[in-house]
Amino acid sequence: MIFLRNFIFGVISAFIILIGILAYRQNIFQPESLPYDDEQAGLDEQVVINFSHVVAENTPKGLAATRFAELVNKKSGGKVIVYIHPNGVLYNDSNELEALQNGNVQMIAPSISNMTNKLPSWQLFDLPFLFKDDEQVAAALTGQLSESLLEELDSLHIKGLTFWSSGFKQIAANTPIVNIEDFEGLRIRTMPSNMLKQQYEIMHAIPITTPFTDIYEELDSMQIAAQENTISNLFSKGYHKTHANITLSNHGILSYAVMINEGFWEELDTETQQIITDSLAEMSEWQHELAIELNEENLHKLENNKEVSLYTMNEEETLKWQQAVRPIYDVYAQRYKKYMKLLLNDLEVQNNK
């Protein structure tokens with residue numbers, strides 16, 4: 001029995017050795033015998049950035065994200081790939097920040113208003129009637145104030161890159177809003193900014209905070225009767241079909257902070273970091289102009305839509321609105337004097353150009 005077992009073991013061992021010799025002679029284990037696929041070259045060095053946002057592709061933010069991805073790809077020679085995930089398909093504006101911090105995505109561009117719970121000083125941009133025109137908005141989003149605000153993201157372990165504009169906000173509602181009294185009891189959707197809530201509470205409206213991606217649900221359940229938003233967002237999402245009474249108030253701005261996961265950023269080499277910052281700098285002026293053009297283009301389409309009614313508050317009603325929210329200025333201008341000073345300096349520089 002022992003002899004038989006040894007015999008079988010010897011046969012198996014000899015067979016294994018024979019296979020090994022044949023494999024060696026045929027270079028089966030030699031890496032150079034593998035066919036070379038030049039399409040795989042450099043894949044180990046490729047950098048992938050997942051960029052999540054909540055709006056449609058044909059909006060100022062959506063188009064800017066696409067342009068950014070194209071520039072980065074071109075400047076890096078395909079080494080850096082940016083995948084854009086629009087319309088909240090990955091995360092909505094209530095959980096995208098956490099996703100960024102956890103490294104589930106590498107980049108996001110939330111509205112400034114959605115960041116104010118974490119960074120209260122960012123509420124400065126939510127002050128009603130703070131800017132009179134798009135030139136002032138551009139100056140504030142690209143000047144000393146923007147640099148100081150982006151630096152505050154360090155406390156959240158996030159790298160702040162730049163700000164993008166989406167233009168001025170208007171009021172869209174079920175019924176016409178032409179007088180300040182029309183806000184009485186109005187259930188209006190806002191972003192989660194105390195500044196925004198306070199300005200509507202002053203006018204006896206009822207601010208309802210809900211993620212941008214949930215507005216349709218709120219409309220269907222009739223939980224909101226109005227919203228504040230840019231023309232491009234109202235048009236691209238079709239909100240004008242329900243909130244067909246639009247007041248061109250220009251009472252506030254909608255802007256976005258482009259940011260990247262800090263740990264991911266620090267792992268990038270200097271060249272890749274420079275490609276990202278250069279791409280954003282190159283498209284900065286283009287992005288602001290895009291927001292203006294797109295809002296004007298969409299407004300023209302709404303003007304030709306017989307189902308939509310457009311209104312403009314006269315000077316008297318606008319002044320009443322401004323006077324009503326004046327107490328907010330008295331509080332926040334004192335609380336954030338440093339940033340107010342930076343803002344005034346940015347606007348002065350813009351005026352002197």
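Okay, let's start at Ser166, which sits in strand 4. Setting aside residues up to four places away in sequence, Ser166 touches Pro60, Thr230, Ser232, Asn233, Leu254, Ser255, Tyr256, Ala291 and Asn295. Take one of those partners, Ser232: it is 66 residues away along the chain, yet the two C-alpha atoms are separated by 7.9 Å. And is Ser166 buried or exposed? Its relative accessible area is 0%, so Ser166 is buried.

Before I go on, please keep in mind that this is a predicted model.

Now the overall picture. The protein has 14 helices and 9 strands. It runs to 353 residues, and 50% of them count as buried. If you take the contacts between residues at least 6 apart in sequence, 76% of those join residues at least 24 apart.

Two names from the Ser166 list, Pro60 and Ala291, take us to a pair of helices. Pro60 and Ala291 both turn up where helix 2 meets helix 11. On the helix 2 side you have Pro60, Leu63, Ala64 and Arg67, and across from them in helix 11 are Trp286, Gln287, Leu290, Ala291 and Leu294. Sorted by class, that contact has 7 nonpolar residues, 1 polar and 1 charged. For the geometry, helix 2 covers residues 60–76 and helix 11 covers 284–303, and they pack at an angle of about 145° with their axes 9 Å apart. The crossing of this pair is right-handed.

Let's move to another pair, helix 4 and helix 14. Helix 4 is residues 134–142, helix 14 is residues 337–351, and their axes come within 9 Å and cross at roughly 125°. That angle is why helix 4 counts as oblique to helix 14. Here too the crossing is right-handed. Which residues of helix 4 meet helix 14? They are Glu135, Gln136, Ala139 and Ala140, and what they meet in helix 14 is Leu343, Asp346, Leu347 and Gln350. By class, you get 4 nonpolar, 2 polar and 2 charged residues in this contact.

That brings me to the inside of the protein. The largest nonpolar core has 53 residues, and Phe131 and Phe183 are the ones with the most contacts inside it. Several elements each supply at least two residues of this core, including helix 4, helix 14, helix 5, strand 4 and strand 8. There is another core apart from that one, with 42 residues, among them Ala65, Val80, Leu254 and Leu302.

Let me stay with Phe131 for a moment. Leaving out neighbours within four places in sequence, Phe131 is in contact with Phe125, Gln136, Val137, Ala140, Phe168, Ile253, Leu343 and Leu347. You've heard some of those names already: Gln136, Ala140, Leu343 and Leu347 are also part of the contact of helix 4 with helix 14.

Next, helix 5. Its buried residues are Leu145, Ser146, Ser148, Leu149 and Leu150. What do they pack against? Helix 4, strand 4 and helix 14.

Leu149 and Leu150 also show up around a tryptophan, Trp122. You'll find Trp122 in the loop between strand 3 and helix 4. Even though it is in a loop, Trp122 counts as buried because its relative accessibility is 0%. Outside its neighbours within four places, the contacts of Trp122 are Ile112, Met115, Thr116, Leu149, Leu150, Glu152, Leu153, Phe163 and Ala257. From Trp122 to Ser146 is 24 residues in sequence, and 9.7 Å in space between C-alpha atoms.

One more buried residue: Thr272, in helix 10. At 1% relative accessibility, under the 20% cut-off, Thr272 counts as buried. Beyond the residues up to four places away, Thr272 touches Lys79 and Val80, and Val80 is one of the residues of that 42-residue core.

Last stop, a couple of backbone oddments. Asn87 has a phi near 60°, which is a positive value in a residue other than glycine. Asn87 is in the loop between strand 2 and helix 3, and its 27% relative accessibility makes it partly exposed. His157 has a positive phi as well, near 60°. It's in the loop between helix 5 and strand 4. Buried or exposed, then, for His157? Exposed, because its relative accessibility is 55%.

And strand 4 is where we came in, with Ser166. Happy to take questions.

Conventions
Residues numbered from 1 in each chain as written. Predicted model: local features only at pLDDT ≥ 70, side-chain atom pairs only at ≥ 80, totals over all residues. Heavy atoms only, no water. Axes fitted to C-alpha atoms, helices over the stretch in contact; angles between N-to-C directions. Helix = DSSP H or I, 4+ residues; strand = E, 2+ residues; numbered from the N terminus. Parallel < 35°, antiparallel > 145°, perpendicular 65-115°, else oblique. Left-handed = near helix turned anticlockwise from the far one by under 90°. Contact = heavy atoms within 4.5 Å. Nonpolar A, V, L, I, M, F, W, Y, C, P; charged D, E, K, R; others polar. Core = buried A, V, L, I, M, F, W, Y, C linked by side-chain atoms within 4.5 Å. Buried < 20%, exposed > 50% of the residue type's maximum accessible area, 1.4 Å probe, protein only.
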